[in-house]
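Here is a short report for a reader new to this structure. Keep the sequence and the 3D view at hand.

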Amino acid sequence: MTASVGVDVGGTKTAAALVDPGGKVWHRREVPTPARSGPEAVLDAAARLAADLLGGAGTGPVGVGTAGTVDPATGSIRYATDSLPGWAGTPVADALATRLGRPVRVTNDVTAAALGECWAGAGRDRRHVLLVAVGTGLGGAVVRNGRVAAGARGAAGEVGHLPAPGAELLRCGCGRYGHLEAIASGTGLAAAYAVETGTHVTGRAVAERAAAGDAVARQVLDRAGGVLGAALAGLVALLDPDAVLVAGGAASALLPAASVAYSAELPAGWADVPLLPATLGADAVVVGAARLAMDAPT
Ligand SMILES: [Zn+2]
């Protein structure tokens with residue numbers, strides 16, 4: 001295997017990295033995603049980053065983890081939220097392959113994070129893993145027998161749309177009410193804090209206020225973490241994983257309360273299944289996307 005390039009296309013930023021066959025990141029580049037300029041501009045930005053990294057690396061393959069649901073057969077976007085306007089329907093794999101002159105494999109960004117963590121992070125050497133990513137929203141991916149379970153439409157593991165107690169008045173990113181993402185995500189923290197206080201701040205700010213001693217922020221964070229932990233414990237009984245990993249920018253804020261609820265709710269037969277923080281941080285998606293490229297049939 002040669003080094004490959006992994007690309008992470010998010011609603012806010014696009015990152016790319018050259019990753020060696022051992023999972024080590026050698027060079028990393030990042031630019032703001034020109035989401036408001038439309039899909040062609042987003043593809044151009046991603047291609048430029050990848051081309052820069054490929055310059056000195058011969059003909060390495062390219063993998064992409066992107067926001068949205070990806071058709072596993074074609075590498076096109078089936079569904080995307082308005083964080084990337086017009087992204088649904090974009091043939092990402094074909095469009096980037098044309099720009100870069102080489103095959104490109106594409107998957108969902110949380111799926112890529114799971115691939116990355118199971119290769120070079122907290123899921124290393126584990127065959128069965130549930131990974132959830134808590135950032136602005138809440139996503140998830142299921143790894144079974146060392147492979148990501150795609151499901152019928154490439155969307156298995158989307159834990160954000162499970163019904164969640166306490167979220168009844170909160171609107172989910174999918175448009176319905178009462179889902180786990182509506183409470184256990186950056187958006188959910190912000191919404192719950194606004195309901196309690198009438199003050200509109202970001203989810204990150206809620207976590208900062210909790211750390212600084214704001215009792216309402218602490219209560220919002222504890223409730224969100226508790227609901228997340230209980231849901232994950234239930235999913236352990238469904239999936240029987242070796243470990244549950246929590247990734248994403250809000251992971252560290254939610255993990256303390258989540259761990260307490262998780263341990264309390266976990267059925268006795270699974271008491272040894274750990275709930276762990278992911279360890280690759282902001283590199284998880286680029287590392288997993290690079291791994292996807294390396295695994296491509298030649
Ligand atoms: Zn939902």
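## Overall build

Of the 298 residues of the chain, 53% count as buried. The model is a predicted one. The chain holds 8 helices and 12 strands. Its radius of gyration is 19 Å, close to the 19 Å that the globule rule gives for 298 residues, so the chain is as compact as a globular protein of that length.

Along its principal axes, the C-alpha trace spans about 55 × 45 × 35 Å. Take the contacts in the chain with a separation of 6 or more: residues 24 or more positions apart account for 61% of them.

## Two domains

The chain is divided into two parts. Domain 1 covers 4-114 + 283-294. Domain 2 covers 126-277. Their C-alpha centres lie 26 Å apart.

How many residues of each domain are in contact with the other? Domain 1 brings 12 residues and domain 2 brings 14. On the domain 1 side, β5 (69-70) and α3 each supply at least two residues. Helix α3 gives the most to that side, with 4 residues. By class, the side of domain 1 that touches domain 2 has 6 nonpolar, 4 polar and 2 charged residues.

## The sheet from β3 to β7

One open sheet has 5 strands, in the order β3-β2-β1-β4-β7. The pairing is mixed. Strands β3 (25-32) and β7 (104-108) are at the edges, and each pairs on one side only. From one strand to the next, the twist averages 15°.

Look at β1 and β2. Strand β1 (residues 4-9) and strand β2 (residues 13-19) run antiparallel, and 6 bridges join them. Val9 stands opposite Thr14 in β2.

Two helices lie across strands of this group. Helix α2 (residues 92-100) lies across β4 (62-66) and β7. Its direction is at about 145° to β7. Helix α3 (residues 109-120) lies across β1, β4 and β7, and runs at about 100° to β7. Helix α3 also gives the most residues to the side of domain 1 that touches domain 2.

## The sheet from β10 to β12

Another open sheet of 5 strands has the order β10-β9-β8-β11-β12. Its pairing is mixed. Why is one side of β10 (147-148) and of β12 (275-277) left without a neighbour in the sheet? Both stand at the edges, each with a single partner strand, so one side of each stays free of a neighbour in the sheet.

Strands β8 (residues 129-134) and β9 (residues 138-144) run antiparallel. They are joined by 6 bridges. Val132 has Gly140 as its bridge partner in β9. Helix α6 (residues 215-239) packs on the sheet. It touches β8, β9, β11 (243-247) and β12. The direction of α6 makes about 150° with that of β8.

## A closer look at Leu276

Leu276 lies in strand β12, one of the edge strands. Is Leu276 buried or exposed? Leu276 has 20 other C-beta atoms within 10 Å. A residue counts as buried at 20 or more, so Leu276 is buried.

What does Leu276 touch, leaving out residues up to four places away in sequence? Its contacts are Ala122, Ala243 and Leu245. Ala224 is 52 residues from Leu276 along the chain, and the C-alpha atoms of the two are separated by 17 Å.

Terms used:
Residues are numbered from 1 along each chain as its sequence is written. This is a predicted model: local features need pLDDT of at least 70, side-chain atom pairs count only at pLDDT 80 or more; totals for chains, interfaces and linings use all residues. Two strands pair if DSSP finds at least two bridges between them. Axes are lines fitted to C-alpha atoms, for helices over the stretch in contact, and angles run from 0 to 180 degrees between N-to-C directions. Two residues are in contact if their C-beta atoms, placed from the backbone, lie within 7 Å. Domain bounds come from an automatic or database domain assignment. Ala, Val, Leu, Ile, Met, Phe, Trp, Tyr, Cys and Pro count as nonpolar, Asp, Glu, Lys and Arg as charged, and the others, Gly among them, as polar. The radius of gyration is taken over C-alpha atoms; the globule rule is 2.2 Å times the number of residues to the power 0.38. A residue is buried if 20 or more other C-beta atoms lie within 10 Å of its own, exposed if 12 or fewer, and partly exposed in between; C-beta atoms are placed from the backbone.
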